[in-house]
Amino acid sequence: MMNEMKLWYTRPASNWSQGLPIGNGRLGAMIYGGVKHETWSLTEVTYWSGKAEPIRGHSNSRADLDQMREHFFAGDYRRGDELAKQSLQPEKGNFGTNLSMCDVQLAFDDHGDQLVRELRIDKACTWTSYQSNGHTRTREVWASHADGIVGSRLSSEQPGGLSLTIGILGRTDRFTATLSGNDTLVFEGQAVESMHSNGECGVRCQGVLKVIANGGSVSAVGDQIRIEDADDVVIYLAANTDYGSSDNEWMLESARQVDDAMAKGYERLREDHVADYQSLYDRVHLDLGVTDQSDLPTDERIQLFLKGQDDDPHLFALFYQYGRYLTIAGSRADSPLPLNLQGIWNDGEANRMQWSCDYHLDINTQMNYFPTEVSNLAECHLPLIRYIEQLAESGRAAAKHFYGCEGWVAHVFSNAWGFASPGWETSWGLNVTGGLWIATHLREHYDFGLDSSFLAETAYPVLKDAALFFLDYMTVHPKYGWLVTGPSNSPENSFYINDPLRSEYQLSMGSTLDQVLVRDLFVFCLEASEHLQVDVELQRKLKQAIGMLPPLMIGRRGQLQEWLEDYEEAQPDHRHFAHLFSLYPGNQITPEGTPELSTAARVTLVNRMEREALEDVEFTLAAFAANFARLQDGENAYKHLTHLIGKLCFDNLLTFSKAGIAGAETNIFVIDGNFGGTAAIAEMLLQSHAGGIHLLPALPAKWDTGMVTGLRAKGNAEVDVTWADGQLVEATIRAFSPGRVLLRYQDCKVEIALEPDYTYHIDSTLCVKLI
């Protein structure tokens, strides 16, 4: 079993958080249970409550914006905040949330023991086996992207050994499941709830579950399917929604998918599913070594991490490949929406409180896609890219109605219809660069692939319009002469100013995150327009604006300042440190290029991580690991990954946010920690930013020997690396575009001119040989 990429357990999964996820980029299911019961908790990425609706500000007057800014510039933060709440705090409306669809419930007549549950990452399939009356029973479930269905086969070594009942239970008030004949369940529902919408509006769903039994009998019992004494059973399930539909053709799609599946047959369906999945998954292999702990069930390995027994490098490799698995399962090239706060899975917890299973734009949705390019899954980025284009369209109205500006803007979060307005509380909802932050993924996709058509047709037009907004929206600071944003916040933090009341504020002018994102935007648009030879007048404006942007600054405590002024943090143990975007995933701060700022970034990280009351959150730990990797500090990166896996993962290795954080009533599954941790592991092994490729930049001592193949570098190249006893043995670069890169390993540097379709072998001294 050593070195296999699978999650496995010898205990039943008693609840959702112990289940195993499958998905086809649209449909998701969490498979949990044991010998006598199994549940498929079914989700679908477009199954949203709420609806598209205009959200208007109370004023779109530039005079109102100028007035509130005058108060902030004068130090009257209280009055500035009051004016911002009057003009920039809309009603919530029918924002909505992604909802669970239904539970398929299987109840078996069996008694049994020797249970084993597995998620086979290499084949994207769950596998359950146990012994009953001396005979083996097995179950497998998988979600096919190739054919759009969930497929399952239940088998018995003993003829006639399978007897069970299958039913479907809806997860929303508007849901019905009815029998069609003895072997088919047809269900319909609507995503309605009253926490985030009015309880009346939401996406509709329709689906079909078909049973095919070999041997025995199939009958109808009430609203359930009853199977008795079968040799094996095959189940096909399809579900679709009316999201984006203009007619009722969508209601025929599930029956068609099931009919097509039956015509193709189970073996061919499964074969096509595995081949389709492996065409993406097999691009990257990671070996960090194995120890005795590698042979233990996954939940026991996690518990050992919790106890500080981390002699299990294979668990890090498994966590990394699990993140890639979740990306492929949740976000395919044709997915109708990108991964949300819980990917495409949903335990229902976030929906019953003031949280929402939506698109948070102040790190969470971005982190979902941090590992996508470097982990050689560029196609999986496409749903987010299309969503950004949709967000840019709806963001035009937000720019006009709230600020009277051209271009587009989006704020702290969004929904299935591209909500772009501020949130309904300025303390957290007025993150004016949320849309810009998510749009940086267009630049990432281009930097890795160097697709000129994508640059000209998608990345540049969308980011150009974002630049037009900020050129129109920003203002000159009367004291410093800098071009600044505001009022806005630094997600989702607050500060004190020097007043007798020691009041806590969130809004200010020119927060560091805003300025970092705007600088990256302007520089990219300038370089892209020059490359494309367009928009000469815009180039002039961008050059002028770039020269007026504030610099990154170091505060009196030696930290990287989070705001334009050196305010005192009101919550120094806060889970967000968004201003460190300048270090990761940005690169305005690098150890080589900006050593003083790198030291300040480290001070910020250390001050935050050493706080006794630090908010222990999955995305924070992943961000710690990635930021320390950028600082070439492998030991601290390793420390935070160990914490993430040991203390912030359920038994199924899905990450969670602890109860009490941001109002969470329970430990809530949030998938960004999985993707952020995956990105951090890649960042420890390979970095490609600031015009170079850096081999093993943050290798921790406990990963002293290993190899990785297929990682992707900016500039359209793939990289393999092998190391032993903590030292580079060899590396390979496969180039697909021409370019010059600075190759680095420890203190060695060499410049390479890459030519497309050539492979370069690098030895331990960075001697390069063309092969």
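I'll talk you through a sheet, a helix pair and one buried threonine in this predicted model.

Quick housekeeping: residues count from 1 along each chain as its sequence is written. Since the model is predicted, local features need pLDDT of at least 70, side-chain atom pairs count only at pLDDT 80 or more, totals for chains, interfaces and linings use all residues, and side-chain values use heavy atoms, with hydrogens and water left out.

Okay, the sheet. Nine strands form an open, antiparallel sheet, ordered 1-6-7-8-9-16-13-12-11. Strands here are DSSP E runs of at least two residues, helices are H or I runs of at least four, both numbered from the N terminus, and two strands pair if DSSP finds at least two bridges between them. Strand 1 (6-9) and strand 11 (174-179) sit at the edges with a single partner strand each, so one side of each has no neighbour in the sheet. Strand 11 pairs with strand 12 (residues 184-190) over six bridges, antiparallel, and F175 has G189 as its bridge partner there.

Now the helices. The axes of helix 6 (residues 313-330) and helix 16 (residues 634-647) come within 11 Å and cross at roughly 75°. Axes are lines fitted to C-alpha atoms, for helices over the stretch in contact, with angles from 0 to 180 degrees between N-to-C directions. Who makes the contact, meaning heavy atoms within 4.5 Å? On helix 6, L315, F316 and F319; on helix 16, Y638, L641, T642, L644 and I645.

Last one: T512, in helix 12 (residues 512-532). At 8% relative accessibility, T512 counts as buried, which means under 20% relative accessible area (1.4 Å probe, protein chains only). Leaving out residues up to four places away in sequence, T512 touches L552, Q561, E562, W563 and H579.

Key. Contact = heavy atoms within 4.5 Å. Buried < 20%, exposed > 50% of the residue type's maximum accessible area, 1.4 Å probe, protein only.
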